[in-house]
Amino acid sequence: MDVPTYRPAKQGGMILSYKMYDYSKHKAEGKRTYYRCREKTRFKCVATLAVDNESGAVARTTGEHSHDSSLLEKEVKLGHQVLAQTKTLLKSKKALLRRK
């Protein structure tokens with residue numbers, strides 16, 4: 001059984017990550033907690049999963065994702081951030097060189 005990872009969400013609660021996709025809690029019933037893909041609205045994604053509350057493992061998944069993994073999007077955002085920081089550093093170095 002695979003165990004998902006969790007991280008805090010900006011607006012409270014937790015985001016569940018499993019096999020490169022992110023999920024939000026939908027409901028808790030009995031021995032399971034049910035999650036929906038975080039891209040449900042944006043991409044009309046129907047993927048869901050259920051986590052066994054005792055073991056913390058994914059008990060089942062349903063539906064297929066209608067979009068690429070959120071990991072790819074995160075990598076692109078990180079790349080843009082690194083590029084912006086590099087540009088800022090280069091501008092600072094150029095300004096220092098001009099002063100000499």
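In what order do the 6 strands of the open sheet line up? In this predicted model, the order turns out to be β1-β2-β3-β4-β5-β6, with antiparallel pairing. The edges of the sheet belong to β1 and to β6 (58–62), each of which has a pairing partner on one side only. Going from one strand to the next, the twist averages 35°.

Now for the middle of the sheet, beginning with β2 and β3. Strand β2 covers residues 14–18 and strand β3 covers residues 21–29, and 4 bridges hold the two in antiparallel pairing. Right by the turn, tyrosine 18 has tyrosine 21 of β3 as its bridge partner. Another facing couple is serine 17 and aspartate 22, the latter sitting in β3. The hairpin made by β2 and β3 has 2 residues between its strands, and here lysine 19 adopts a positive phi near 50°.

Next along comes the link between β3 and β4. These two strands also run antiparallel, and 6 bridges join them. Glutamate 29 stands across from arginine 32, a residue of β4. Their hairpin has 2 residues between the strands, and glycine 30 is the one with a positive phi, near 60°.

On to the side chains, and to the rings in particular. How many aromatic pairs does the structure hold? There is 1, and it is formed by tyrosine 6 and tyrosine 35. The ring centres are 6.5 Å apart and the planes meet at 55°, so the pair goes down as tilted, a label that covers angles from 30 to 60 degrees. Tyrosine 6 belongs to strand β1 (residues 5–8), while tyrosine 35 belongs to strand β4 (residues 32–37), so the pair ties together parts that lie 29 residues apart in sequence.

Are the two partners buried or exposed? Tyrosine 35 has a relative accessibility of 9%, so it counts as buried, the cut-off for that being under 20%. Tyrosine 6, at 37%, counts as partly exposed, because that label takes in whatever falls between the buried limit of 20% and the exposed limit of 50%.

One more ring deserves a look, and this time the partner is a charge. The ring of tyrosine 34 has the charged end of lysine 27 sitting over it, 5.7 Å from the ring centre.

Definitions and conventions. Residues are numbered from 1 along each chain as its sequence is written. This is a predicted model: local features need pLDDT of at least 70, side-chain atom pairs count only at pLDDT 80 or more; totals for chains, interfaces and linings use all residues. Side-chain values use heavy atoms; hydrogens and water are left out. Rings of Phe, Tyr and Trp (its six-membered ring) pair if their centres lie within 6.5 Å; planes under 30 degrees apart count as stacked, over 60 as edge-to-face and the rest as tilted. Helices (H or I, at least four residues) and strands (E, at least two) are DSSP runs, numbered from the N terminus. Buried means under 20% relative accessible area, exposed over 50%, partly exposed in between (1.4 Å probe, protein chains only). A charge sits over a ring if NZ of Lys or CZ of Arg is within 6 Å of the ring centre and within 35 degrees of the ring normal. Two strands pair if DSSP finds at least two bridges between them. Axes are lines fitted to C-alpha atoms, for helices over the stretch in contact, and angles run from 0 to 180 degrees between N-to-C directions.
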